[in-house]
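Please open the structure in the viewer and keep the sequence panel in sight. The tour below proceeds by selections, each followed by what is to be found there.

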Amino acid sequence: VQLQASGGGLVQAGDSLTLSCAASGRTFSSLSAGWFRQAPGTEREFVAAVSWRGGRKYYTDSVKGRFTISRDNAKNTAYLQMNTLKPEGTAVYYCAAGPGDVVYGGTWHLPRSYDYWGQGTLVTVSS
């Protein structure tokens with residue numbers, strides 16, 4: 001599976017942005033999907049995950065109520081809608097895909113649970 005993340009950019013605090021993750025290759029609809037981010041000098045951290053059908057979603061506490069993860073399996077694409085962005089959200093955002101049971105197995109927040117990674121898209125939030 002090849003993943004292509006896009007949609008990053010420079011925004012001001014309080015703005016919204018939607019990231020997209022286009023998948024090609026193996027059937028994306030059978031995989032769990034997730035978003036991670038990595039700020040300079042920090043480890044990659046979990047942001048959100050969605051089950052292969054889209055019925056289960058998980059978020060890190062700092063983005064709950066502001067970010068929404070979704071997917072359109074007909075388009076082989078996952079999305080991350082980000083509202084009310086904060087300067088601490090500045091990071092490279094990565095999309096990832098893993099086995100269908102990642103979300104159900106309780107390991108959705110671990111990078112090692114995902115087998116496929118996109119190249120990342122930079123989100124910069126100015127104050």
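A residue is called buried under 20% relative accessible area, exposed over 50%, and partly exposed in between. The model on display is a predicted one.

**Select Asn 76.** Asn 76 has a relative accessibility of 26%, and therefore counts as partly exposed. Its place is in the loop between β7 and β8. Most residues other than glycine have a negative phi. Asn 76, however, has a positive phi, near 55°.

**Extend the selection to β7 and β8.** Strand β7 covers residues 67-72 and pairs with β8 in the antiparallel sense, over six bridges. The two strands form a hairpin with four residues between them, and Asn 76 belongs to the turn. For a reference point across this pair, display Ser 70, which stands opposite Tyr 79 in β8.

**Add β3.** Which strand pairs with β3 in the antiparallel sense? The partner is β8 (residues 77-82), and the pairing of β3 (residues 17-24) with this strand runs over six bridges. Here the residue to display is Cys 21, which stands opposite Ala 78 in β8. Strand β8 thus pairs with β7 and also with β3.

**Move on to Thr 84.** Continuing along the sequence from β8, select Thr 84, in the loop between β8 and β9 (91-98). Its phi is near 45°, again a positive value in a residue other than glycine. Is Thr 84 buried or partly exposed? Its relative accessible area is 42%, so Thr 84 is partly exposed.

**Select the whole chain.** In a cartoon view, the secondary structure comprises eleven strands and zero helices. Read along the sequence, the pattern is accordingly β-β-β-β-β-β-β-β-β-β-β. The C-alpha trace spans about 40 × 25 × 25 Å along its principal axes. The radius of gyration is 13 Å, which agrees with a compact globule, because such a globule of 127 residues would have a value near 14 Å.

**Consider contacts and burial.** Of the contacts in the chain with a separation of 6 or more, 59% are between residues 24 or more positions apart. Buried residues make up 40% of the 127 residues.

**Finish with a surface view.** The accessible surface comes to about 6,100 Å², and 47% of this area belongs to carbon and sulfur atoms. Colouring by charge brings up 12 positive and 8 negative side chains. The centres of these two sets lie 6 Å apart.

Terms used
Residues are numbered from 1 along each chain as its sequence is written. This is a predicted model: local features need pLDDT of at least 70, side-chain atom pairs count only at pLDDT 80 or more; totals for chains, interfaces and linings use all residues. Side-chain values use heavy atoms; hydrogens and water are left out. Two strands pair if DSSP finds at least two bridges between them. The radius of gyration is taken over C-alpha atoms; the globule rule is 2.2 Å times the number of residues to the power 0.38. Buried means under 20% relative accessible area, exposed over 50%, partly exposed in between (1.4 Å probe, protein chains only). Contact means heavy atoms within 4.5 Å. Accessible areas come from the Shrake-Rupley method with a 1.4 Å probe; for residues, only the protein chains shown count as cover. Lys and Arg count as positive and Asp and Glu as negative; His and the chain ends are not counted. The place of a charge is taken as NZ of Lys, CZ of Arg, CG of Asp or CD of Glu.
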